[in-house]
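This report describes a single protein, beginning with its overall make-up and then turning to one hairpin and one histidine.

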Amino acid sequence: MAQQRMDKNTNREGLFSRIIHNERVAVKFDYFGELVLHPGISLGIDYTLSSKNWVTVHWDTELGGYWHRWNNTALFAKTSIGTRFPISYMFVDLNLGAGYMHSFPAGKIYQRSADGGVEKAPNWGHAHFMPTFSVLLGWDRSRKANLPFSIHIGAEAYLQSAVNHTFIPHVAAKVGFTYKFKK
């Protein structure tokens, strides 16, 4: 019975190790900020679907958030499909995706009480649909120098749904790196 438990643990570690050390999988870390005044971060996985000499198609999934002082704090989960066009050590990356954002207003929320007065309301936040588009420029050290990382900078445009029955456009700066555990 103890041997069976050890075999199960070995299989679990083997599966995790196979996922992390797959040459198609990379880990991403980004500064995700609406300009400098609304800082945020995102952490994600980049999975290469197809790779040729002139184009790479990848699927990204990210979790993150940002803080807009005196307005709101937002958390998001998003996914995107992208195409990366390499130019020697450099690349241009175009991504199109969608996500879920939950924003929490900064400050107290009030509502009308049963007796017609005003009372403090719970702050559960608001759900938003988040379609995204990003353009990134980067430096890929894994192409010719065989190093397992790349660095990128660019802009992401996204829409925030369900605010007064309309979409609010946003632009965020993205600066970050992608690391492959196995090349």
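## Overall make-up

In this predicted model, the protein has 1 helix and 10 strands, and the helix comes at the start of the order of elements, which runs α-β-β-β-β-β-β-β-β-β-β from the N terminus.

Of the 183 residues in the protein, 33% are buried, while the exposed surface amounts to about 11,600 Å², with carbon and sulfur atoms supplying 65% of that area. When contacts between residues at least 6 apart in sequence are considered, 53% of them join residues at least 24 apart.

## The hairpin of strands 6 and 7

Strand 6, spanning residues 109-112, pairs with strand 7, spanning residues 118-121, in the antiparallel sense and over 4 bridges; within this pairing, Tyr-110 has Lys-120 of strand 7 as its bridge partner.

The two strands form a hairpin in which 5 residues lie between them, and Gly-116, located in the turn, has a positive phi of about 95 degrees.

## The surroundings of His-152

His-152 belongs to strand 9, which covers residues 149-163. Because its relative accessible area is 5%, under the 20% cut-off, His-152 counts as buried.

The side chain of His-152 is joined to that of Asp-30 by a polar contact of 2.6 Å. Apart from neighbours within four places in sequence, the residues in contact with His-152 include Asp-30 and Phe-91, the stretch of Leu-136, Leu-137 and Gly-138, and also Lys-174, Val-175, Gly-176, Phe-177 and Thr-178.

Methods
Residues numbered from 1 in each chain as written. Predicted model: local features only at pLDDT ≥ 70, side-chain atom pairs only at ≥ 80, totals over all residues. Heavy atoms only, no water. Buried < 20%, exposed > 50% of the residue type's maximum accessible area, 1.4 Å probe, protein only. Contact = heavy atoms within 4.5 Å. Areas by Shrake-Rupley, 256 points an atom, 1.4 Å probe, with all protein chains shown as cover. Pairing = 2+ DSSP bridges. Polar contact = N/O pair within 3.5 Å; in protein donor to acceptor, adjacent residues only side chain to side chain.
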